[in-house]
Structure formats: structure tokens, C-alpha cells
Amino acid sequence: MAIGAVISNRNFGSYIGSGKAHQNAYVTTREPEERLGHDTAQDVHVNMCYKRLCCSSRRVIGPLNGRTLRPRATLYEGCHPNLMPQLLGEKLQSINIRQRSISKVGLIDGKSQHSRLVTVVRSRTDYKSEDYDQPYLAEDVVVEAMQAAKPWWEQFPKRWLIVLLCFSAFLLCNMDRVNMSIAILPMSKEFNWNSATVGLIQSSFFWGYLLTQIVGGIWADKIGGKLVLGFGVVWWSVATVLTPIAARIGLPFLLITRAFMGIGEGVAMPAMNNILSKWIPVSERSRSLALVYSGMYLGSVTGLALSPTLIHNFGWPSVFYSFGSLGSIWFALWLSKAHSSPKEDPNLSPEEKRLILGGSVSKEPVSVIPWKLILSKAPVWALIISHFCHNWGTFILLTWMPTYYNQVLKFNLTKSGLLCVLPWLTMALFANIGGWIADTLVSKGLSITTVRKIMQSIGFLGPAVFLSQLSRVKTPALAVLCMACSQGSDAFSQSGLYSNHQDIGPRYAGVLLGLSNTAGVLAGVFGTAATGYILQKGSWDDVFKVSVALYILGTLVWNLFSTGEKILD
């Protein structure tokens, strides 16, 4: 049987433009009789010829199962080395080879599951390419061969697996958060709650959410993001499942349960920021964060879409039981696949570890938070103030828009609920577009500071422009379009201020996000309350003017004081 057919039927890929050589190699295989068709195992002596020599580090001997790995080699059986140039053409010329043996390796045939014992004679040549003026040295590539033989899901970059797990955690986060906004309607009828009680229940979530922003950041920076994010998901999932039970026991128990849920969700963003600051290189930072945050937007869409159906078919408790139970599935995957940093992952490939670390030495988790140093930096205050200005407008749009659609645009409540989904979808789309644009600009050589300022300026001025046009539009369709465009441009902030915590202080990324997001949550609380007061005395135009003014203030502060350089180490 032809060994060339067993291993490969193709030639080496052209990694060097003008390789002028052929190379002999010796491969000895021992196989069971059902594989070679002989009565006993035999030694087969073959010669391997290359049209072109590979100058890169990827020199792979393909798995002996009929499948070929790059670069590919063609083997000819029974051909003497002196006849090779005649067989392959004038382009192949002889080359001096100094043979160097490597260890025996057992490769598994994917079809028969029989192990083959392969002894390979490695070689060093005196060849020099025209493109690379250095001698070619073949290296041990057995590890690469075995890695390439793995299924695709095992070769998926580990850092992006971490990103996808964080994305799914944030998807669950907002699913569990928004389900109350739908379930509160049948619940208020069953328990005879008035509007004041409903408002109290809705706000109780933020009691716990505010408490753990900074605490979660400190915890994540000290003990690692894996434990903190895992704790957060389990905590808020349990609180979600307990919500129907607490509601039937009494209002105080429900308020405590909702506050407990806020405690769990409060640590999520700081913990995520900490773990991604260690796993994601700067060149991929914007798109990875954009993808994770888009999980929040899609979680809101999913929660708003599925909750009415579940309530109609199974009753309002089913929303909390079904959504909360998903956290256990996520937690099992998180425990088995995630690590707080690349150096803690024993299965991470050396190549990916080098890419992530970029030649830098990974430092130990912080033991003491330098609060005085952190709060003395102007870029830190730029983050805090900008986050406040950003979230004022964002929370108003996301909490008051159903009322605006109903009162001003004269849509009924059903249509208003459906239109509330559009801003979330728009934000999910444009957040990822903005992330790719930002990382592309960084890869093209534009400074990180310039990129962050450009993206956040879009995130501020875009909503300001579109909100200022709302008083001029005459049709509901144009009003909805303005809202969607406002939220779409707002999503560019994911590549601006939301990426900046990791830029200026990667070791304190959790604490920095906890600080700025505390200001952001306060802006949501105060902004939502202030909007109600403004509407009692004024109009929707006044509401939008306040948001536009804060967007402009945020733009000025951000462009004057922010930076993309590391200022905390």
C-alpha cells in the first residue's frame, strides 16, 4: 500500500517563495495487520520530498488517518533519493541534510482507533530563503500536530470562551432583572398593591445593587473575577427563584429578596471587568467588552419577549422559576471552563498565552487598594463624571419611553411595549459595530487615547443630536427612528468610557468600574425621579433638554481629562 496515500496526497504549502531543494526523511511505522494488509507488522522505508520548504515554525507531520494537516507533504514509496529530481522536475535540487532523531510518538487513527508508532528522523538544512536570510531549522512539532488534530471546539481561543461565558452571564442578568417589570402587573392585581407599593418594589432592587458596586470591584481585584462573578450569578439566581415565595409570605420579605438580588447583580460588572482585563489583549478589548455588554441588551429583549408568554400559559411565578434556574447551568460551565487569569489555566496553549500577555509579566492580585492615588487622578474623575452624564440620559430613555410612546405618540400599551425592544436591539447591534471600529483603529496605529475620545464623543453627541430633534418630528415613525438612532449612537460608549477602566488601571479595573458605575446608578435613580418632577411642572422637551445638557457636559469633561494610557500600576 502506498504510504503517500495513507498520510497525504498533497504537497507542502508555499511558505517560502523560492525554496530550491528536496529533502529525504525516514518514517518507520508499525501497524496491525488489518491496517497494512500483511501477515505481520513490517517496517516501511520511504522518502519524503518537498516542493518547497517551510520556513515558519509550523512543520507538521499529518495524522495518519487519511486527513491532512497544513503544511502538507507528499510521500513516494520505493523511490530512491537520486531519482527524485527526475520525478518532481528541475525545480527540486538536492540538499545536504544532517539527520536528527526525535522521540517516538503515538498518533491515534480517527477511523480505526488503532495507535501507530511513528519514528521520525528530523533534519536540519543549510538552506536559506530569498525572503528570510537565516538558516532553516526544523523543530519538534509533535505538540502542534496533536493540537491540530483536536476537534474545532477544543481549538477555539480560550480568551473568547471567557468572553462568551461573560456574555451569557449578562444575558441572564438582565433577563432576571426585567422579568419583574412584566410580572408586576398580575402580581399587583393578586396582592392588591397600589402604585406606590409597586414603585417601592421596583426600587428595592437598587438598594442592594448600589451596595456592591465598589465592594464587588475590591473583591474581584483581590481574589479574582472567577469567584466573584460565579458568586454573583448564583446569588441573584437563587433570589430570583425565591421571589414568588417571598411575595406570598409578605411585602417585607419580597423587598428583602429584591434587594438581595441587587447585591448579586451589583458585583457582575466589576468582576467581569477584572477578568477581561487579564484575559483580553488591548487589540481586542473594545470588541470583547462590546459583545459582553450586548448580552445585557439582548437579555432585556429576551426577558421582555418570553415573560408574557410564560405568564399567560403557566402563571407569573413561572417567569422567576424558569429564568432563575438557568443560572445553575451557567455556573456549572463557569466552574469547569473559566479561570481568573491566563496563568491559572493549565490547558491554555503557549501561543495564546504569549498573545494575551504580550511579553509582559502577569502580576499578582492586589492586596491593598491605593484609594488616595486612585482618587487623585484626573482621568479617574473624568470616568466618574462621564459615567454619571451618560447614565442619566440612558436610564431616562429606557424607563420612561413606554410612557412617552403612550402619552405623546398615542400608542396603546401593547405597541409601546413592543417598541421598547427596539432601543435594546439597536444598542446590541451598534455596540459590536463600534467595538470592531475601535479595535481596527487601534491596530492601524491610532493611539488608544484618541480612539477612546472619538468613540465616547459619538456616544455623547449622537444621543444629544437625536433627542434635540424629537420636538420637531411630526409623525410617530420619525419619533421612534430618533429614539433608535439615539440609542444606537449611545452604544459607542462601550468602546469609550466602558473600555477605559482597563486602559488606565488594569490591576484595579474592578474597583474603577465599581466607582464609576456607582455614579451611573445614582444618575439613573435621581434622573428617573427628576423626570417625574419635571413632567409635573413642564414638558417632555424639558426632560430632553436636561439630558442633552448633561451629554454636552460629559463630552467636554471626557475630551479634556480622559486618557487611554496606563496611570495606575
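This is a short tour of the model, from the whole protein down to two helix pairs.

**Stop 1: the whole protein**

Show everything first. The model is predicted. Count along the chain and you will find 569 residues, of which 51% are buried. Switch to a cartoon view. The protein holds 22 helices and 7 strands.

Now think about contacts. Take those with a separation of 6 or more. Residues 24 or more positions apart account for 80% of them.

**Stop 2: colour by confidence**

Colour the chain by pLDDT. The mean over the protein is 76. A value of 70 or more is reached by 70% of the residues.

Where does the pLDDT fall below 50? Select residues 1-81, where it is below 50 throughout. Beyond near neighbours in sequence, this stretch still has 191 contacts in the model. Next, select residues 83-145. Here too the pLDDT is below 50. This second stretch has 146 contacts beyond near neighbours in sequence.

**Stop 3: helices α8 and α10**

Select residues 225-249, which form helix α8. Add residues 268-279, helix α10. How do the two axes meet? They come within 8 Å and cross at roughly 150°. That angle makes α8 roughly antiparallel to α10, because angles over 145 degrees count that way. The crossing is left-handed.

Show side chains at the contact. On the α8 side, pick Gly225, Lys226, Val228, Leu229 and Trp236. On the α10 side, pick Ala268, Ala271, Asn274 and Ile275. What kinds of residue are these? The contact of α8 with α10 has 6 nonpolar residues, 2 polar and 1 charged.

**Stop 4: helices α10 and α11**

Keep α10 on screen. Hide α8 and select residues 285-314, helix α11. The axes of α10 and α11 come within 11 Å and cross at roughly 155°. These two helices are therefore roughly antiparallel to each other. Check the handedness: the crossing of α10 and α11 is right-handed.

Which residues of α10 meet α11? Select Met269, Met272, Asn273 and Leu276. Their partners in α11 are Leu289, Val292 and Tyr293. Colour this contact by residue type. The residues divide into 6 nonpolar and 1 polar, with no charged residue.

**Last look: α10 between two stops**

Show α8, α10 and α11 together. Helix α10 meets α8 through residues including Ala271 and Ile275. Helix α10 meets α11 through residues including Met272 and Leu276. Compare the handedness once more: left-handed for α8 and α10, right-handed for α10 and α11.

Conventions. Residues are numbered from 1 along each chain as its sequence is written. Side-chain values use heavy atoms; hydrogens and water are left out. Axes are lines fitted to C-alpha atoms, for helices over the stretch in contact, and angles run from 0 to 180 degrees between N-to-C directions. Helices (H or I, at least four residues) and strands (E, at least two) are DSSP runs, numbered from the N terminus. Angles under 35 degrees count as roughly parallel, over 145 as roughly antiparallel, 65 to 115 as roughly perpendicular and the rest as oblique. A crossing is left-handed if the near helix is turned anticlockwise from the far one by less than a right angle, and right-handed if clockwise. Contact means heavy atoms within 4.5 Å. Ala, Val, Leu, Ile, Met, Phe, Trp, Tyr, Cys and Pro count as nonpolar, Asp, Glu, Lys and Arg as charged, and the others, Gly among them, as polar. pLDDT is the predictor's confidence in each residue, from 0 to 100. Buried means under 20% relative accessible area, exposed over 50%, partly exposed in between (1.4 Å probe, protein chains only).
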